[in-house]
Amino acid sequence: MRDTHAATEDAAADDRRTFLQAIGAAATVPALVGTAVGDASSESDAPEPIRSSDEIVPITHGVAVGDVTATTAVVWARAEREATIHVAYAPIESADNAGYERVGVDGETDYTGHVRLTELASGTEYRYFVWAMPATAGPMSKRPLDVDELTADAMPDAIEHGTFLTAPSATEERSVTFAWSGDTWGYGDDPIEPPFPGLRSIAEREPDFFLYHGDTIYADAQTPAGKITENTPLDEALEIYRDKYKEMRDPPASVAERTNLRELLESTSVYTVWDDHEVINNFAGPIEPLMPEGRRAFREYWPLDRDEDAAPGDSNRFYDSFRWGKHVELFLIDTRQYRDPNVELDSKTLLGREQREWLKDALADSDATWKVLASPAPLGYPSDSWATPADRTGYEAELLELVEFVQTEEIANLVVVAGDVHKSVVGAFDPDDDGEFEFVEAVAGPLGAPSGPADEQYAPLNPTTFFAKGEYANFGTVEVAESGEAITIGIYDEFGDEQFTTEVQATDIDPGLTPTDSIESSFDEGTDGWLVSQNGGSDRPEYYETGGNPGGHIGDEENQGGIAWYYQAPFSYLGDRESFYGGTLSFDLRQEQPDQQFDAEPIEGGDVLLAGDGTQLVYEFRDPEQVPGEEWTSFEVPLTASVPWIDLTSQEPLATEERFRDVLADLTVLRIRGEYRSGDDASYLDNVVLSK
């Protein structure tokens, strides 16, 4: 057996030799000999050599590399005080192509710095070294490290180092592997404290990169660094946010020796996404007063480079795409900064118009075999974001717009990776119910926060669930084969033990729309994705295998009183349905008890509600006999302005053909009234058909 102490000494010696080779080669480049070194022709301008590690300013919280491309990368570090942070780097296989960069840091950024490395070789593993030296006269007049005089004990302790892999170029056929998870430290009444084994397990897998997928801190939970609340003064918030990031890298000794985050960040590169707890729970965009301070700290403490017009770490744009060879493009989106508040609106946005249009254009323009969309919150699992139960104020209209875009533009091989909900769930979605999956989604996490039981995926998207598990810490992995023919998704517990793995072939995802003359739900095999709206705590109908007209059917009941409740159609009925103008909507209804009838107020939705393009249309049955009885009653509603549809969003009381067509062309809501009886009630629905 090899002596561990001797192995450690050998590794340190190798690091020192590699560092000396890298910095020696880099010393010939102009960046090293400019104003920082002085004019070589004048001995009086040359700095005094640094002969002791005591004169090196400590790097306090490790190092990280992020937002890697085929030719660039950003190195992050934090110095103990005002200093110049220096970075030397070279391919592991050879120091001949070494480079050197630096940046000055001060208290304005809490002594954090971002150094962009350029002209890197694609698909190449690099080693880098980071140290800091005292500041002297000007912002770029910093004394360099005199390598020849560096004492042996100064390396590697005083000089941080790590490795990363650059992305293959867009034409290179290379396999790609990455891991993702999030949600670490400080959530709930009894928070899980470090160390977090999942971070170590990810590092041991040696992925090409790590996607740190939201809630990288819990600013609003009590930890030694403090706690953000809605009453936290703005002038105190920034320091709490900063301290949260520091403790995630170096926890107080009274809590743990390590979190394992530093070790992971030293072993591979990272793409970091934020979610709500980087600011405060469920915050919504610019209306949150604390957002600017939370955003600033996030920007300071992660190696971000997503704006070509800004220096790394200087931009508030957190969305971008990153290409990894011929087969993979990673799309990072920001679902917090631009979102509308969680209140009742006809149409709300998570992304904001500019980011939404960027995402659609970027997906359409990508020729990567696999498009991997990193969404902090799942598209197909209920949360406070894309998909919510029907009684809540969700963002389904924007979700529908993106799903319809994927279908009409035929965005091939879309895979969504997500976090946020503290569950591991893998599934695929067929929202138009044509037998072909439009996209696959995998949800992973948490790494260090409590996890509850897994719930069902979002029914209106017509999911097929491959795997669902909660109440444990976990992370996910993605591997794309060199051929690009398949993508493998894995879920692992925090100790690296496999929980689930599946291989998806490129032929398994076909997002094209299939023309249809009718859309129907017979409920013979399930609820077909229908929801219940406006019924207090109920949002999913009950399914009955028998007793329908004929076969299966759905139903719901209510005993809380209040406004009328409705059955709400899934995504297969929605989208561009203008071609159905002049057609019909038919369905069968029955009630448990037909007495105590009442008319639903039009503003609640009448008997049938259609919404889209900012317009709401309501249809009401005028015949007093047209109410469901104890036996099945059939209804047929013309989809035309030639019968009286009430336009709730216009000065004109009745819908015009133009308004009706606009609604159908952007149909986001279809609801059928389920409650006809005052007081306690129960009703049932069957045989819904939308036909031309």
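## Exercises: a sheet, two cores and some ring pairs

An open sheet with antiparallel pairing runs through six strands in the order β22-β25-β31-β27-β28-β30. Keep in mind that this is a predicted model.

**Exercise 1.** Work out which strands stand at the edges of this sheet and why one side of each is left without a neighbour.

*Solution.* Start with the ends of the strand order: β22 (531-533) and β30 (645-647) are the edge strands. Each has a single partner strand, so one of its sides has no neighbour in the sheet. Next, look at the twist: on average, neighbouring strands here are turned by 25° against each other, direction ignored. Now zoom in on β22, which runs antiparallel to β25 (residues 566-568) and is joined to β25 by three bridges. Pick L531 and you'll find its bridge partner in β25 is Q568. Finally, add the helix: α9 (residues 657-665) packs on the sheet and touches β27 (608-612), β28 (615-619), β30 and β31 (667-673). The direction of α9 makes about 80° with that of β27.

**Exercise 2.** Find which residues of the largest nonpolar core touch the most other members.

*Solution.* The core has 64 residues, and the ones to pick out are W530, L585, F587, W645, L670 and L685. Then ask which helix gives the most: that's α8 (residues 396-408), with six residues. Take L585 for a closer look. Leaving aside neighbours within four places in sequence, L585 has contacts that include V608, F635, L670, I672 and V688. Another core, of 56 residues, lies apart from this one, with V115, L165, W370 and V426 among its members.

**Exercise 3.** Classify the ring pair Y100 and W131: which geometry do the centres and planes give?

*Solution.* The ring centres are 6.4 Å apart and the planes sit at 40°, so call this pair tilted. Now place the partners: Y100 is in strand β4 (residues 99-105) and W131 is in strand β6 (residues 125-134), so the pair ties together parts 31 residues apart in sequence. As for burial, Y100 has a relative accessible area of 2% and is buried; W131 is buried too, also at 2%.

**Exercise 4.** Do the job again for Y319 and Y338: what kind of pair are they, and is Y338 buried or partly exposed?

*Solution.* Here the centres are 6.2 Å apart and the planes at 75°, so the pair is edge-to-face. Check each ring's surroundings: Y319 counts as buried at 4% relative accessibility, whereas Y338 is partly exposed at 29%.

Notes: Residues numbered from 1 in each chain as written. Predicted model: local features only at pLDDT ≥ 70, side-chain atom pairs only at ≥ 80, totals over all residues. Heavy atoms only, no water. Pairing = 2+ DSSP bridges. Helix = DSSP H or I, 4+ residues; strand = E, 2+ residues; numbered from the N terminus. Axes fitted to C-alpha atoms, helices over the stretch in contact; angles between N-to-C directions. Contact = heavy atoms within 4.5 Å. Core = buried A, V, L, I, M, F, W, Y, C linked by side-chain atoms within 4.5 Å. Buried < 20%, exposed > 50% of the residue type's maximum accessible area, 1.4 Å probe, protein only. Phe/Tyr/Trp six-rings, centres within 6.5 Å; stacked < 30°, edge-to-face > 60°.
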